[in-house]
Amino acid sequence: MAEDSFIIRCDRCGTKNRIPRSRSGERAVCGKCRAPLHFSAGYPQYAIAVDESSFEREVIRFPGPVLVLFWATWCGHCRVLLPIVDELASEFSGLVKFVKVDLDRNPVVASTYQVQSVPTMIEFKNGRLFNRLLGALPKDQIVRNLRAML
Ligand SMILES: [Zn+2]
C-alpha cells in the first residue's frame, strides 16, 4: 500500500497530501488550501528506488546527506519500515535524500557495504559512509540519527 502513494507537505498550510505515485509527474495542489505542491527534484518526498546502475549517481555523487534503506520483499520488518521512511522523506525534504535498495536484486551494492541482514539503513554524507543503522528502529530513533548527520 505504501508503494502506491506518498505524502507531500503543503508549503503554505502544512497539510499533508497523499498523492498516488502514478501521478507524481503531474501538477498537484493542496487538498485544503489549493496551493501548488512542489516536488523537489533533488530531495523527493518519498524514498526513491535505486539499483546498482544508479547507486553511484544517486547516493555516492549526491552532494548532501542520504539515507539508504536496504530491504527485501520477503521481509516483514521492512514492510513496517518502508512507510516510515517515506514519511521521513517528506518531513526531511530539502535536508536528507531517501533511497531504497532491494537487497535481492542488487547483491553487488549490498556486498560492497557489507549488508548482511534487512532492514539495514546506511547514512551517507557527501558520498561517504556516515553511520549504519541495523534493524527496524523506531521512528524517533531514526530521526535522532538523521539529525546527527545534519
Ligand atoms: Zn495547503
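Let's start at the hairpin: strand S6, residues 120–125, and strand S7, residues 128–134, pair in the antiparallel sense, with six bridges between them. Everything I'll show you comes from a predicted model. Within that pairing, Ile122 has Arg132 of S7 as its bridge partner, and Phe124 stands opposite Leu129. Two residues separate the strands of this hairpin. Have a look at Asn126 in the turn: its phi is positive, about 50 degrees, although Asn126 is not a glycine. Is Asn126 buried or exposed? Exposed, with 12 other C-beta atoms within 10 Å.

While we're here, step back to the loop between helix H3, residues 107–112, and S6, where Pro119 sits. The peptide bond from Val118 to Pro119 is cis, and its omega is near -5 degrees.

Arg34 also has a positive phi without being a glycine, with a value near 70 degrees. You'll find Arg34 in the loop between strand S2, residues 16–20, and S3. Arg34 is exposed, having 10 other C-beta atoms within 10 Å.

Now let's zoom out. The chain has four helices and seven strands, and from the N terminus on they run β-β-β-α-β-α-β-α-β-β-α. Of the 150 residues in the chain, 29% are buried. If you take the contacts with a separation of 6 or more, 59% of them are between residues 24 or more positions apart.

On to the sheet. Which order do its strands take? It is an open sheet of five strands, S3-S5-S4-S6-S7, and the pairing is mixed. S3, residues 48–49, and S7 stand at the edges with a single partner strand each, so one side of each has no neighbour in the sheet. As a reminder, strands of a sheet pair through backbone hydrogen bonds, either parallel or antiparallel.

Let's walk through the parallel part. S3 and S5 pair in the parallel sense over two bridges, and Ala49 stands opposite Lys100 in S5. S4 and S5 also run parallel, joined by six bridges, and there Leu67 stands opposite Phe98 of S5. To get from S4 to S5 the chain passes through H2, and this β-α-β crossover is right-handed.

S5 deserves a pause. Five of its six residues are buried, so S5 is largely enclosed by the rest of the structure.

Next, the helix in that crossover. Why do we say that the length of H2 agrees with expectation? H2 covers residues 76–91, and at 1.5 Å a residue its 16 residues should span 22 Å; the end C-alpha atoms are 24 Å apart, which agrees. The buried residues of H2 are Cys78, Leu81, Leu82, Val85, Asp86, Leu88 and Ala89. It helps to recall that an α-helix has 3.6 residues a turn, so residues three or four places apart point the same way.

Another helix to find is H4, residues 139–149. H4 lies across S4 (65–71), S6 and S7, and runs at about 170 degrees to S7.

That brings us to the core. In soluble globular proteins, nonpolar side chains tend to be buried together. Here the largest nonpolar core has 31 residues, and the members that touch the most others are Leu67, Val68, Leu69, Phe70, Val85, Phe98 and Val99. Who contributes to this core? S4, H2, S5 (97–102), H3, S6 and H4 each supply at least two residues.

Pick out Val68 and look around it. Leaving aside residues up to four places away in sequence, Val68 touches Val59, Val99, Val101, Met121, Ile122 and Phe124. We've met two of those already: Ile122, the partner of Arg132, and Phe124, opposite Leu129.

Let me finish with Phe124 and one more phenylalanine. Phe62 is in the loop between helix H1, residues 55–60, and S4. Phe62 is partly exposed, with 18 other C-beta atoms within 10 Å. How far apart are Phe62 and Phe124 in sequence and in space? They are 62 residues apart in sequence and 9.1 Å apart in space, C-alpha to C-alpha. Thanks, everyone, and do turn the model around for yourselves!

Terms used:
Residues numbered from 1 in each chain as written. Predicted model: local features only at pLDDT ≥ 70, side-chain atom pairs only at ≥ 80, totals over all residues. Pairing = 2+ DSSP bridges. Expected span 1.5 Å × (residues − 1). Buried ≥ 20, exposed ≤ 12 C-beta atoms within 10 Å, placed from the backbone. Contact = placed C-beta atoms within 7 Å. Axes fitted to C-alpha atoms, helices over the stretch in contact; angles between N-to-C directions. Core = buried A, V, L, I, M, F, W, Y, C linked by C-beta atoms within 7 Å. Right-handed = clockwise from strand over helix to strand, strands pointing away.
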